[in-house]
Amino acid sequence: MKIEQDYLVKFLYLVQNLISKEVKFEKVEKVNEMCGVDVAYQGEIGVAAAVCNGRERRENVVIGKVSFPYVPGLLFMREAPIMIKALENLDYDLLLVDGHGIAHPRRSGIATVIGVLLNKPTIGVAKSRLIGEEVVEGGITYIVDKGEKLGVKVGKYYYSPGNLVTLQDVLNLSEGGYPSVLREADKLSKKYKKGVNQ
DNA sequence: GCGACAG
DNA sequence: ATCTTGTCGC
């Protein structure tokens with residue numbers, strides 16, 4: 001029972017290492033439609049909300065039981081499934097995910113996993129640091145781990161590439177403060193979680 | 001062995 | 001993430 005857990009963690013680490021090798025760093029072109037996704041909880045029930053702001057606002061809310069526990073470094077196992085469901089039928093040029101991208105021990109945070117699985121440009125936006133140190137260079141605070149610049153910290157938030165974007169793209173986005181689509185997704189998920197029980 | 005540790 | 005009131009400040 002305990003051995004199974006150890007093997008599962010080892011297996012998931014291997015999967016993350018493979019996913020990190022699939023990441024592409026390319027400049028994002030023409031971001032007309034941007035989308036943000038977040039999850040709120042009411043006990044074991046997760047409420048995922050995706051909000052997109054393009055010519056017209058589009059949003060999805062998915063409610064379901066989330067059984068995988070929160071394990072630092074393995075957040076994708078808990079939230080990626082319901083987040084991906086919330087993203088169904090939505091179209092966007094850039095996706096913002098609540099959590100880290102490559103600023104992760106195995107360069108495979110939830111924004112990276114989702115970006116590789118969906119083959120979409122993604123950026124991870126987190127409220128706290130998972131790894132690395134903050135190094136200021138030329139007025140910019142970078143998230144550095146083992147000599148690698150993995151992302152930036154702007155204000156109280158940490159931004160890092162998920163997939164199909166460059167560090168410069170991340171810098172440009174972060175200059176705008178906390179992204180409205182994420183704020184909207186957060187608000188929407190918390191709004192719906194209240195009506196879960198009754 | 002001792003901390004750190006996305007949400 | 002969530003449990004939780006008021007309170008200090010722009």
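Me: In this predicted model, how do the residues of the surface near DNA strand B divide by class?
Reply: Charged residues number 4 on the surface near DNA strand B. Polar ones number 6. The division is completed by the nonpolar residues, which number 7.

Me: Which residues come nearest to DNA strand B?
Reply: There are 17 residues around DNA strand B. Sugar and phosphate make up 50% of the strand's atoms within 4 Å of the protein. The residues that come nearest are Tyr70, Gly73, His100, Lys127 and Ser128.

Me: Which residue has a side-chain N or O atom 3.3 Å from a base nitrogen of DNA strand B?
Reply: Backbone atoms also approach base nitrogens of this strand. Leu74 has a backbone N or O atom 3.4 Å from one. For Leu75, a polar backbone atom is 3.3 Å from a base nitrogen. The side chain asked for belongs to His104.

Me: How far is the side chain of Lys193 from a phosphate oxygen of DNA strand C?
Reply: Lys193 is one of the residues around DNA strand C, with Ala40, Tyr41, Lys127 and Lys190. Tyr41 places a backbone N or O atom 3.2 Å from a phosphate oxygen of that strand. For Lys193, an N or O atom in the side chain does so at 2.9 Å.

Me: Which elements each supply at least two residues of the surface near DNA strand C?
Reply: By class, that surface has 2 nonpolar, no polar and 3 charged residues. The elements are β1 (34-42) and α5 (180-194).

Me: Which residue's charged end sits over the ring of Tyr41?
Reply: Tyr41 is among the residues around DNA strand C. The charged end over its ring is 4.3 Å from the ring centre. It belongs to Arg78.

Key:
Residues are numbered from 1 along each chain as its sequence is written. Chains are lettered from A and ligands numbered from 1 in the order in which they are written. This is a predicted model: local features need pLDDT of at least 70, side-chain atom pairs count only at pLDDT 80 or more; totals for chains, interfaces and linings use all residues. Side-chain values use heavy atoms; hydrogens and water are left out. A residue is near a molecule or strand if one of its heavy atoms lies within 4 Å of it. A polar contact is a pair of N or O atoms within 3.5 Å; within protein, one must be able to donate a hydrogen and the other to accept it, and residues adjacent in sequence count only if both atoms are side-chain atoms. Helices (H or I, at least four residues) and strands (E, at least two) are DSSP runs, numbered from the N terminus. Ala, Val, Leu, Ile, Met, Phe, Trp, Tyr, Cys and Pro count as nonpolar, Asp, Glu, Lys and Arg as charged, and the others, Gly among them, as polar. A charge sits over a ring if NZ of Lys or CZ of Arg is within 6 Å of the ring centre and within 35 degrees of the ring normal.
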